[in-house]
Amino acid sequence: MTNPPKPNGTIQPLLDVMAALRDPATGCAWDVKQTFESIVPYTLEEAYEVADAIARGDVIDLEEELGDLLLQVVYHARMAEEAGAFSFGDVADGITKKMVRRHPHVFGSDEERRQGAVPGMWDRIKAEEKREKAEKAALRVRNSGVLGDTGADCGGGSDGASICAEAASDQTALPSQLDDVPAALPALVRAVKLQQKAAKVGFDWPDLKPVLAKMREELDELEAELTAQDVDAAKVSDEFGDLLFVMANVARHLKLDPENALRSTNAKFTRRFQMMERWLAAEGRQAAECSLSELDALWDRAKRAEHKG
């Protein structure tokens, strides 16, 4: 039986716990079989739960959710270490160096601190980081001796192979303004970030008016597909996606976070619908037993109640 490490306010006991869980001989069968890909959904879920705790102002839950999110970082770092790619220490050192490098007005020379955060500083530093990252990836490929075909020199296994393959692909792909926007982001968030990147090179509308015109155009195109003689589901989906993309652009021009705005509306819908359910329960009824007109009337009542409250 493995003796559990004792928490002491540092990261090491958690690293020891993860190492024990991932031990092929004595660890947890479920944890041992996990991969980077299989853990990703949990990583995303934990990040959302942190955001939810913050939105609710629940600091007790926030403490717990931050721990759950930290576990995800430790999990990925442990699997990478097993693949011979990097360790948790490398992750911690990397982000520490990045924060120091990106804040010369705090950690730099006397002259840099006097200058403060000068315009263009962040873009210049991030460009330097991108070059360093490309050089590091190239070095990994040269050291591995492979281009991701077996993963043997990256620590073995499919995860090691994917790391090598990613490093190799970084060297062959044509650099793009959009490279730094992760594909795994929530679609609405990614849309805004893609638009922000494009705007930096001038590919943007000058103000909100043409964006709203484009929104109406996309809505008309969606309606046209819906009313076509032979409705094509793929085309409807495409036009709907275009409409969502331009709505993200509307939010960006309004300097709003569309994800937060939608989250707020989801919460509002939930409050009002649950209010309706409580009123119906007091009468011994359920929503499924009501007509649409009854539900609409209850919805209007819930809106009025919220506005009065």
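**Exercise 1.** In this predicted model, work out how far apart glutamate 82 and arginine 78 sit along their helix, and whether each is buried or exposed or in between.

*Solution.* Start with the contact: glutamate 82 and arginine 78 form a salt bridge, with 3.2 Å between the closest N and O atoms. Next, place the pair: both are in helix α4 (residues 59-82), and because they are 4 residues apart, about one helical turn separates them. Now check exposure. Glutamate 82 has 33% relative accessibility, so it counts as partly exposed; arginine 78, at 25%, is partly exposed as well. Finally, zoom out: Arg22, Arg78, Glu81 and Glu82 are linked in a salt-bridge network.

**Exercise 2.** Which parts of the chain does the salt bridge between arginine 252 and aspartate 204 tie together?

*Solution.* First, the bridge: its closest N and O atoms are 2.6 Å apart. Arginine 252 belongs to helix α12, while aspartate 204 lies in the loop between α10 (187-200) and α11, so the pair ties together parts 48 residues apart in sequence. Then accessibility: arginine 252 comes out at 15%, under the 20% cut-off, so it's buried. Aspartate 204, at 33%, is partly exposed.

**Exercise 3.** Describe how helices α11 and α12 pack.

*Solution.* Take the geometry first: α11 (residues 208-226) and α12 (residues 233-253) pack at about 165°, with axes 9 Å apart. An angle over 145 degrees counts as roughly antiparallel, so that's the label for this pair. The crossing is left-handed. By class, the contact has 13 nonpolar, 2 polar and 7 charged residues. Among those meeting there are Leu212 and Leu219 from α11, and Phe240 and Val246 from α12.

Note on methods. Residues numbered from 1 in each chain as written. Predicted model: local features only at pLDDT ≥ 70, side-chain atom pairs only at ≥ 80, totals over all residues. Heavy atoms only, no water. Axes fitted to C-alpha atoms, helices over the stretch in contact; angles between N-to-C directions. Helix = DSSP H or I, 4+ residues; strand = E, 2+ residues; numbered from the N terminus. Parallel < 35°, antiparallel > 145°, perpendicular 65-115°, else oblique. Left-handed = near helix turned anticlockwise from the far one by under 90°. Contact = heavy atoms within 4.5 Å. Nonpolar A, V, L, I, M, F, W, Y, C, P; charged D, E, K, R; others polar. Salt bridge = Lys/Arg side-chain N within 4 Å of Asp/Glu carboxyl O. Buried < 20%, exposed > 50% of the residue type's maximum accessible area, 1.4 Å probe, protein only.
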